[in-house]
Amino acid sequence: MSRADLERFFETEKQKQFDTDFFKDAEYYEAWDEIDFEAEEEIPGEQTFEIKAEDMKFYAAGILDDNPLFVNEEYAKNSPYNGLLAHPIFITPIIFWCVGTKGRGNWIRTPGARNPGQELEIYEPFRVGEIIRIGMRPHDRWIKRDKYYLSYEINMYNQANVKKARAIGTLILPKSREDIRRLVQGIRSLDD
């Protein structure tokens, strides 16, 4: 599906800015067999995510969750939470936005990758106006049934350095940079 085909669904400022062509920078993505597990410190993401009400509301609408705490600012303001709450899986667009395309962790954009599951821990609700940054580090890498699994630990912090959430993101990936190149060229895909 082309960018022009997708644009009719874009509502928010971030949706309109987000590059949906995951093939474009695939040459720069980290490959499964190249990930450095020696560095113990967290690696910052490429950019921060300023949470706007439109981000929260349109994410909930996009996944067809009409909980008024997620989509109705007036209702949420008069609730015990005193404002909109982010859907628990709102973590996903934050991670994709913050990782970016050029730095470490960009393997999450690898064409052909499959998602076998995630672990998410939310320590406190995300709020409108917060500016979220991520810190990430390689967590684990393994082979199971001839598939190449990679996981990163990704921590999310607000502008006051309060840890908001933690995710262990895992994908099944092509093994090498050459496998990614072939996938982008349409020569082969991941075997089932």
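**Aromatic pairs and an acidic patch**

Search the whole structure and you turn up six aromatic pairs. Keep in mind that this is a predicted model. Take F49 and F90 to begin with: their ring centres sit 5.8 Å apart and the planes meet at 85°, so this pair counts as edge-to-face. The two rings come from distant parts of the chain, 41 residues apart. F49 belongs to strand β2 (residues 49–50), while F90 lies in the loop between α5 (73–77) and α6 (91–99). Are these two residues, F49 and F90, buried or exposed? Both of them are buried.

Now look at W142 and Y149, an aromatic pair with another geometry label: this one is stacked, with 5.1 Å from centre to centre and 10° between the planes. The partners get separate labels for burial. W142 has a relative accessible area of 30%, so W142 is partly exposed. Y149 comes in at 10%, and because buried means under 20%, Y149 is classed as buried.

Back to F49 and F90 for a moment, since they also belong to a cluster. Ring pairs tie F49 and F90 together with Y59 and W97.

Let's leave the rings and turn to charge. Which residues gather in a patch of negative charge on the surface? They are D36, E38, E40 and E41. To find D36, go to the loop between α2 (13–17) and β1 (43–44). D36 has 35% relative accessibility, which is why D36 counts as partly exposed.

Definitions and conventions: Residues numbered from 1 in each chain as written. Predicted model: local features only at pLDDT ≥ 70, side-chain atom pairs only at ≥ 80, totals over all residues. Heavy atoms only, no water. Patch = residues over 30% accessible without salt bridge, like charges linked within 9 Å, V, L, I, M, F, W, Y side chains within 5 Å. Areas by Shrake-Rupley, 256 points an atom, 1.4 Å probe, with all protein chains shown as cover. Salt bridge = Lys/Arg side-chain N within 4 Å of Asp/Glu carboxyl O. Lys, Arg positive; Asp, Glu negative; His and termini not counted. Charge placed at Lys NZ, Arg CZ, Asp CG, Glu CD. Helix = DSSP H or I, 4+ residues; strand = E, 2+ residues; numbered from the N terminus. Buried < 20%, exposed > 50% of the residue type's maximum accessible area, 1.4 Å probe, protein only. Phe/Tyr/Trp six-rings, centres within 6.5 Å; stacked < 30°, edge-to-face > 60°.
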